[in-house]
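Thanks for asking me to look this one over. Please have the model open beside you as you read my notes.

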Amino acid sequence: MLNIEVVMADGAVHEVQAPVGQTLLQAVLNAGLDGFAAECGGCCVCATCHCYIDEKDLAKLASPQGDEDQMLDFTATERRPNSRLSCQVKLEEGHEGLRIHMPDRQY
Ligand code: FES
């Protein structure tokens, strides 16, 4: 199991545990945390599962590619260099301790 830290828009920090192979979106939803709308259910066509990867962890993830890169232009809050769509981030061993930040809205 990996340990992931989710920083909510109000600053509250939640520890989430998730298995390797799960998506970041699924990990957060399984933990019962609000913040992702995930309207398309993880198909990379809604951009409502947007989050920001903590700067300290940016090197742990590859840059967004293809459809994700394009959909990131449609997020409700500003796209930043550390923006990702959580449904497109598949958790790997190297993601242990990953910290993400929730935007304050998805619409
Ligand atoms: S859930 Fe729709 S793009 Fe990620």
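Here are my points, going from the overall fold to the core.

1. Please keep in mind that this is a predicted model. The chain holds 2 helices and 5 strands, and along the sequence they come in the pattern β-β-α-β-α-β-β.

2. On overall dimensions, the chain has a radius of gyration of 12 Å, which agrees with the value near 13 Å for a compact globule of 107 residues. Its C-alpha atoms fill a box of roughly 30 × 25 × 25 Å along the principal axes. Buried residues account for 29% of the 107.

3. Of the contacts between residues at least 6 apart in sequence, 66% join residues at least 24 apart.

4. A good place to start is β1. This strand runs antiparallel to β2, with 6 bridges joining the two; one of the pairs is Ile4 with Val16. The hairpin they form has 5 residues between the strands, and Gly11 there takes a positive phi near 95 degrees.

5. Strand β1 also pairs with β5 (residues 99-101), this time in parallel, through 3 bridges. Here Val6 has Ile100 as its bridge partner.

6. Those four bridge partners turn up again in the largest nonpolar core, which has 22 residues: Ile4, Val6, Val16 and Ile100 are among those with the most contacts inside it, along with Leu24, Ala27 and Val28. Two or more core residues come from each of β1 (2-7), β2 (13-18), α1 (24-30) and β3 (50-53).

7. Do have a look around Val6. Beyond its neighbours within four places in sequence, Val6 is in contact with His14, Val16, Val28, Leu33, Ile100 and Met102.

How values were computed: Residues are numbered from 1 along each chain as its sequence is written. This is a predicted model: local features need pLDDT of at least 70, side-chain atom pairs count only at pLDDT 80 or more; totals for chains, interfaces and linings use all residues. A nonpolar core is a set of buried Ala, Val, Leu, Ile, Met, Phe, Trp, Tyr and Cys residues joined through C-beta atoms within 7 Å. A residue is buried if 20 or more other C-beta atoms lie within 10 Å of its own, exposed if 12 or fewer, and partly exposed in between; C-beta atoms are placed from the backbone. Helices (H or I, at least four residues) and strands (E, at least two) are DSSP runs, numbered from the N terminus. Two residues are in contact if their C-beta atoms, placed from the backbone, lie within 7 Å. The radius of gyration is taken over C-alpha atoms; the globule rule is 2.2 Å times the number of residues to the power 0.38. Two strands pair if DSSP finds at least two bridges between them.
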